[in-house]
Each structure stands twice: as C-alpha cells, then as structure tokens.
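Me: Could you take a close look at one part of this model for me, the surface and its charged pairs, and then carry on to the empty spaces? I'd enjoy one connected walk-through.

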Amino acid sequence: MVTRLLYLTRHAEQDLSEPSGPDAGEPDTGLSERGRRQATLLGERLRARRFAAVHHGPLRRAAQTAELVAKSLSDVPVYETELAGDHLPHDTDPAGLPPAYAEFLTQFSAAERVDGPRVTADAVRRFAGPVAEGPAGGEPVRELVVTHSFLIAWLVRHALDAPERRWLGLNSHNAGLTVIRYSAAGPPSLIAVNDVAHLPPELRGTGLPPDYLV
C-alpha cells in the first residue's frame, strides 16, 4: 500500500450578491472577486507539489475554485464528484448539544439526514486511506479535494477517531488548507488543519461564523 496525502480545501468565497427569493435557499452562484483571489493564491501555494488528481463537488463555487487552483498545477486531471458535495455528514442526535447546535440540526430534512451520511460514508471509503498503487520511487499519492466545510470537518473527526458529533464546530476558512496523511503503517496523521498562510490578512477568515475571532 502507498501513502496518500489528502489535501482538502473549502471552496473560496462565494458571490452572494445575486438576489434570491425567500424560498430559494442559498443560490448556486460562483466565486466573488475576493474568492477568485483566494483560489488563485491557493493554487500558487500548491504549485510545487505533484498531484494525481483534483476532485470537486458539483456546486459552482467548488467547480470554479478547482478550476483556478488547477491552473497552477502541472497536467493534473480534474474530476467533478458528488462525493465532494455539500452534504450533512451525520444524522447527529441533538440531545445534549448546546442550543445553537441543536437548532442548526433542525434545518435538515428527513431525506438529507439519510442521503448525506450515505454519500459521506462513500467519500470516506474513496479518500480516507492509503492507495493500492502509486508513482515510482515510493512518492506518496497526493489528491486535492475541493469541497465544503461539512466534509472537511467529518474527515478531520474521522482521522482523530473522535466522537461522531465532533464534526460540529469544526469550521473551515474559505480556501483554507487541511492535509491528512494515510499510511498502512499506522493511524491517519493530521499534517495541517485550516492553514491559511497563503492568504494575506484581508483574505482570511471568510466563511466563518460571525462570532469567530480571527
């Protein structure tokens, strides 16, 4: 088995300037100008690494982030996959949770509480482990997944073997970088979590809850 280095990033800042009706939900818009800068800088951060693939979810903000990042990478294939979509990762029991978290969980439908965990389990099987074959010379396989905050939170929780409800409260910056190492030699290792060293201060902290101090 060959070591996998799984690079995870939340999509860059979404353009929410387009109006939407009261029942439209969050629109599937692309990136803001600030988001495009974030994604470009993330690509420059990763330029020196060789990636086997870039995967992204189907929503426009994820697809555009992946496109901008891939421009800085060398001959990397880019794939759209529902596995990197914006899904509820776990049907978490709200009993005993802080009121804000319990209220947050009430917004998901019965179908989302079934379908989201199913897709997330498929994503774990696909990405969270070493790979059977890799490049010559023993170099690890690097894959980048451009996704949403929920999946990143779940994969961090999974890597730490933390209680299932601990995906709650793990919020990712737009274009923040998380790296998990999967090896047959031992449990997963967190190499980086929510790293935004590639972003100047004015581009950091977007996408986080308003009461976060960054």
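**Surface, salt bridges and spaces**

Reply: Gladly! Leu-160 is exposed, with a relative accessible area of 53%. Please keep in mind that this is a predicted model. The residue belongs to helix α5, which covers residues 149–160. Leu-160 also has company: together with Leu-190 and Val-193 it makes up a nonpolar patch on the surface, and the accessible area of the three together is about 250 Å².

From there, let's turn to the charged pairs. Searching the whole structure gives 11 salt bridges. One of them pairs Asp-195 with Arg-45, with 2.6 Å between the closest N and O atoms. Asp-195 sits in strand β6 (residues 186–195), whereas Arg-45 sits in helix α1 (residues 33–46), so this pair ties together parts that are 150 residues apart in sequence. Both ends can be placed by their accessibility. Asp-195 is partly exposed, at a relative accessible area of 21%, and Arg-45 is partly exposed too, at 34%.

Helix α4 offers another setting for such pairs. This helix runs over residues 110–127, and within it Arg-118 and Asp-115 are three residues apart, which means that about one helical turn separates them. Their salt bridge has its closest N and O atoms 3.9 Å apart; for reference, the cut-off for a salt bridge is 4 Å. Arg-118 is partly exposed, with a relative accessible area of 48%, and Asp-115 is partly exposed as well, with 37%.

Arg-125 and Asp-122 make a further pair in this helix. Their side chains meet in a salt bridge with an N to O distance of 2.3 Å. Here again the partners are three residues apart in helix α4, so about one helical turn lies between them. Arg-125 counts as exposed, at 62% relative accessibility, while Asp-122 counts as partly exposed, at 28%. Beyond these pairs, Arg-4, Arg-126 and Glu-143 are joined into one network by salt bridges that share partners.

Now for the empty spaces, beginning with the pocket. The largest pocket has a volume of about 980 Å³. Its lining is made of 35 residues, and those nearest its centre are Arg-10, Asp-86, Phe-104, Ser-149 and Phe-150. Three helices, α3 (99–105), α4 and α5, each supply at least two residues of this lining. Helix α4, already familiar from its salt bridges, gives the largest share, four residues. Sorted by class, the lining of the largest pocket has 14 nonpolar, 12 polar and nine charged residues.

There is an enclosed space to look at as well. The structure holds one cavity of 30 Å³ or more, and the volume of the largest cavity is about 30 Å³. Around it you will find Leu-83, Gly-85, Asp-86, His-87, Pro-89, Thr-120, Phe-150 and Leu-151. Two of these names may ring a bell: Asp-86 and Phe-150 line the largest cavity, and Asp-86 and Phe-150 are also among the residues nearest the centre of the largest pocket. By class, the cavity lining comprises four nonpolar, three polar and one charged residues.

To follow this in your viewer, you could start at Leu-160 in helix α5, go on to the Asp-195 and Arg-45 salt bridge, and finish with Asp-86 and Phe-150 in the cavity lining.

Definitions and conventions
Residues are numbered from 1 along each chain as its sequence is written. This is a predicted model: local features need pLDDT of at least 70, side-chain atom pairs count only at pLDDT 80 or more; totals for chains, interfaces and linings use all residues. Side-chain values use heavy atoms; hydrogens and water are left out. On a 1 Å grid over the protein atoms alone, a cavity is a set of points where a 1.4 Å probe fits but cannot get out, and a pocket is an open set with protein on both sides within 12 Å along at least five of seven lines; lining residues have an atom within 4 Å of a point. Grid points are joined across faces, edges and corners, and a volume is the space filled by probe spheres set on the points. Ala, Val, Leu, Ile, Met, Phe, Trp, Tyr, Cys and Pro count as nonpolar, Asp, Glu, Lys and Arg as charged, and the others, Gly among them, as polar. Patches are made of residues with over 30% relative accessible area and no salt bridge: like charges are joined within 9 Å, nonpolar side chains (Val, Leu, Ile, Met, Phe, Trp, Tyr) within 5 Å. Accessible areas come from the Shrake-Rupley method with a 1.4 Å probe; for residues, only the protein chains shown count as cover. Buried means under 20% relative accessible area, exposed over 50%, partly exposed in between (1.4 Å probe, protein chains only).
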